[in-house]
Every structure is written in C-alpha cells, then in structure tokens.
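Here is a short briefing on one protein structure. Keep the sequence and the 3D view open as you read.

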Amino acid sequence: MALQALQSSGVTFRKILSHFPEELSLAFAYGSGVYRQAGPNSDQKNAMMDFVFTVDDPVGWHSKNLKKNRSHYSLLKFLGPGIITSIQNNYGAGVYYNSLVMCDGRLIKYGVISTSILIEDLLNWNNLYVAGRLQKPVKIVVMNENVSLRAALDKNLRSAVTAAFLMLPESFSEEDLFVEIAGLSYSGDFRMVVGEDKTKVLNIVKPNIAHFRELYGSILQENPQVVYKTQQGRLEIDKSPEGQFTQLMTLPKTLQQQINHIMDPPGKNRDVEETLFQVAHDPECGDVVRLGLSAIVRRSSIRQSTKGIFTAGIKKSVIYSSLKLHKMWKGWLRKTP
C-alpha cells in the first residue's frame with residue numbers, strides 16, 4: 001500500500017513529538033529539513049523542520065499544549081483554546097501554525113489541524129493545503145487506526161496522479177509526472193511570486209525521485225489507464241476524450257466545481273457532468289484543470305498566510321518572511337551568471 005512508503009520511526013522526530021500532547025491521529029514531518037532539496041534549501045542540517053499534527057479534539061489539544069508550551073503561541077494565547085480552535089477551523093486552510101519554535105535543539109514550525117477537516121481536504125481538495133503537503137514525500141511519525149483517515153490519505157494520492165495525467169501529454173517520464181504532482185499545490189500560490197524560490201518544485205523532485213517512486217509506484221502499476229515502463233522510467237496514458245472524461249469524473253469535488261465555474265457560460269447553469277464531458281473533448285483540457293487548481297490554491301494560500309500573521313505574531317512573521325525572501329534571493333543568485 002502506498003501509505004506504507006510514508007512511514008518513519010525516526011528517533012529525532014519522536015523526540016520532538018515527546019514535547020507535545022500525545023492525542024494525535026496523525027503527525028508528519030515535511031520540507032527541506034526532512035528530505036534533501038536542491039538549490040538554496042540544500043542545507044538540511046540547519047533547515048527548519050516542519051510538522052503537521054492532526055487531532056480529533058483541537059480544543060482539548062490546544063488546552064494541554066498551552067500548559068506545556070505556552071511560549072510557542074502569539075498573543076492569541078490570552079484568548080484561550082476555544083478561540084484558538086475557532087481561528088484554526090474557520091479561517092485560512094483549517095490549520096493553525098506556531099512558527100520559529102526551538103524544540104530539542106532544532107528550529108521547528110508546527111501546524112495543528114482537526115482530523116475531520118483534514119479528511120475533507122484529502123477527499124475534496126477544499127483547500128489543497130495540507131492535502132498538498134501529503135502529495136509529496138513526508139515522514140509519518142504517528143498514525144492511528146482511523147480507517148477513514150487512511151482511506152482519505154490513499155485517495156489523495158490517487159487524485160494527484162489523475163490531475164497530473166490530465167495536464168501531461170500522451171507519453172512522458174517519471175520526472176515529468178512527479179514534477180506535475182509536486183506542483184499541484186503550488187498552482188496559483190501567491191508565495192511563488194513573492195517569498196519562494198521559483199525553481200522550488202524541481203528542487204523538491206530531482207533529489208527525491210526514489211521517494212516519489214516509492215510513494216506512487218503501486219498506484220501507477222494498478223492504474224488501468226497507464227502503461228508504466230518501470231525499467232525505462234516512462235509512462236503512456238489514454239488521452240482520448242473517453243479516457244479524459246473518466247479521469248475528470250474521478251477528480252475531487254471542489255476541483256470539479258471550479259472547472260464547472262470556469263467553463264459554464266453565465267446564465268446557462270449546466271451540471272458538472274455536462275461541463276466535464278465538454279472539457280474532455282477540449283484540446284485545452286489540461287489548461288482548464290490547471291486553472292481550476294490555481295483558483296483553489298490562490299484562495300487558500302492568501303487566507304492562510306494572512307492568518308499566519310496573527311497566529312505567529314508580527315515579530316515572528318517578519319523573521320519568517322525574511323528567511324523566505326533570503327532563500328528566494330539565493331536561488332536567484334545561483335541562476336545569475
């Protein structure tokens with residue numbers, strides 16, 4: 001099963017988790033502090049380590065964490081765990097981040113998201129925020145026996161493959177596929193204009209082809225619409241209108257709705273299936289899918305980044321943004337002759 005490729009028993013991660021309340025349905029580490037990246041993020045030793053903690057009871061979890069790690073929070077800590085949870089669930093992408101925290105000798109950032117909201121994002125791509133993180137290799141440190149969560153994690157990976165297929169030609173390489181998948185959650189992200197290195201997606205994929213292959217290999221081999229030549233690292237897919245319609249009909253609900261919104265003329269009010277049938281016959285099908293993804297990501301990335309100013313506090317937000325801009329500047333200098 002593809003999810004097994006994500007799991008890790010790393011002592012470093014578990015030591016960090018020991019500083020937090022234990023009631024986690026899922027905890028994973030991601031980013032350049034976990035997997036080596038090319039370019040300005042290649043210094044793994046000093047990179048900030050990013051975590052996401054998934055919890056069934058956010059109010060209870062924040063209540064315990066405020067007692068254990070009160071200094072991690074901005075001034076919002078004075079409003080209590082109920083308000084913190086309300087901000088977490090109802091604004092941005094449903095995740096509450098504490099940034100620039102020293103923990104067990106490492107600089108970390110951690111986000112907290114409710115299990116139910118994560119499952120919705122994995123299945124429907126409401127925000128494609130944490131779901132997008134989980135389309136790339138991560139280190140899963142804790143995962144309980146929640147059957148619905150495990151099924152949603154697997155569905156998210158399969159949906160990522162389908163969306164990427166729709167934006168690729170009939171024949172392509174493994175690297176082409178993994179670049180498309182890694183880029184799904186960056187489509188339309190305003191931070192790719194200001195604050196992120198423009199070659200970020202390629203820098204994520206190139207050093208981690210083996211990890212992507214481990215994550216997606218079984219899904220590709222099981223997919224009836226693809227010929228996967230593992231020895232050559234090449235793939236061929238069905239680009240007929242019928243094949244594309246089948247793929248479009250299995251996309252997450254929010255992406256289907258965005259495509260319908262883009263393609264439906266004012267006043268016509270066609271249903272989603274009718275619109276997807278039209279898109280399947282359109283030579284620009286891949287571009288339409290990309291526009292739909294951009295609409296989802298643009299909205300959630302702007303709202304989540306705005307929320308981050310309040311959850312991290314002004315001082316930490318300025319420092320964090322400066323670090324991002326510094327990495328972007330280093331990336332630009334590397335490309336300048």
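Which charged end sits over the ring of Tyr129? It is that of Arg133, 4.6 Å from the ring centre. Keep in mind that this is a predicted model. The points below go from the whole protein to single side chains.

**The whole protein**
- The protein has 337 residues, and 55% of them count as buried.
- Its secondary structure consists of 14 helices and 8 strands.
- Take the contacts with a separation of 6 or more: 71% of them come from residues 24 or more positions apart.
- The accessible surface is about 15100 Å². Carbon and sulfur atoms hold 56% of that surface.

**Aromatic pairs**
- The protein has 13 aromatic pairs.
- One of them joins Phe20 and Tyr110. Their ring centres are 4.7 Å apart, and the planes meet at 65°, an edge-to-face pair.
- This pair links distant parts of the chain. Phe20 is in the loop between α1 (11-17) and β1 (26-30). Tyr110 belongs to strand β4 (residues 106-114), 90 residues away from Phe20.
- Both Phe20 and Tyr110 are buried.
- Why does the pair of Phe51 and Phe53 count as tilted? The planes of the two rings stand at 45°, and tilted covers the range between stacked, under 30 degrees, and edge-to-face, over 60. The ring centres of Phe51 and Phe53 are 6.0 Å apart.
- Phe51 has 0% relative accessibility, so it counts as buried. The cut-off for buried is under 20%.
- Phe53 is buried too, because its relative accessible area is 0%.
- Ring pairs join Phe13, Phe20, Phe51, Phe53, Trp61 and Tyr110 into a cluster.

**A second charge over a ring**
- Lys109 lies over the face of Tyr97. The distance to the ring centre is 4.9 Å.

**Strand β7 and its partner**
- In a regular strand, side chains alternate between the two faces of the sheet.
- Strand β7 (residues 226-229) shows this alternation. Val226 and Tyr228 point to one face and are buried. Val227 and Lys229 point to the other face and are not buried.
- How do β7 and strand β8 (residues 234-237) run, parallel or antiparallel? They run antiparallel, joined by 4 bridges.
- Val227 has Glu236 as its bridge partner in β8.
- Together β7 and β8 make a hairpin, with 4 residues between the strands. Gly233 is in the turn and has a positive phi of about 70°.

Key:
Residues are numbered from 1 along each chain as its sequence is written. This is a predicted model: local features need pLDDT of at least 70, side-chain atom pairs count only at pLDDT 80 or more; totals for chains, interfaces and linings use all residues. Side-chain values use heavy atoms; hydrogens and water are left out. Helices (H or I, at least four residues) and strands (E, at least two) are DSSP runs, numbered from the N terminus. Buried means under 20% relative accessible area, exposed over 50%, partly exposed in between (1.4 Å probe, protein chains only). Contact means heavy atoms within 4.5 Å. Accessible areas come from the Shrake-Rupley method with a 1.4 Å probe; for residues, only the protein chains shown count as cover. Rings of Phe, Tyr and Trp (its six-membered ring) pair if their centres lie within 6.5 Å; planes under 30 degrees apart count as stacked, over 60 as edge-to-face and the rest as tilted. A charge sits over a ring if NZ of Lys or CZ of Arg is within 6 Å of the ring centre and within 35 degrees of the ring normal. Two strands pair if DSSP finds at least two bridges between them.
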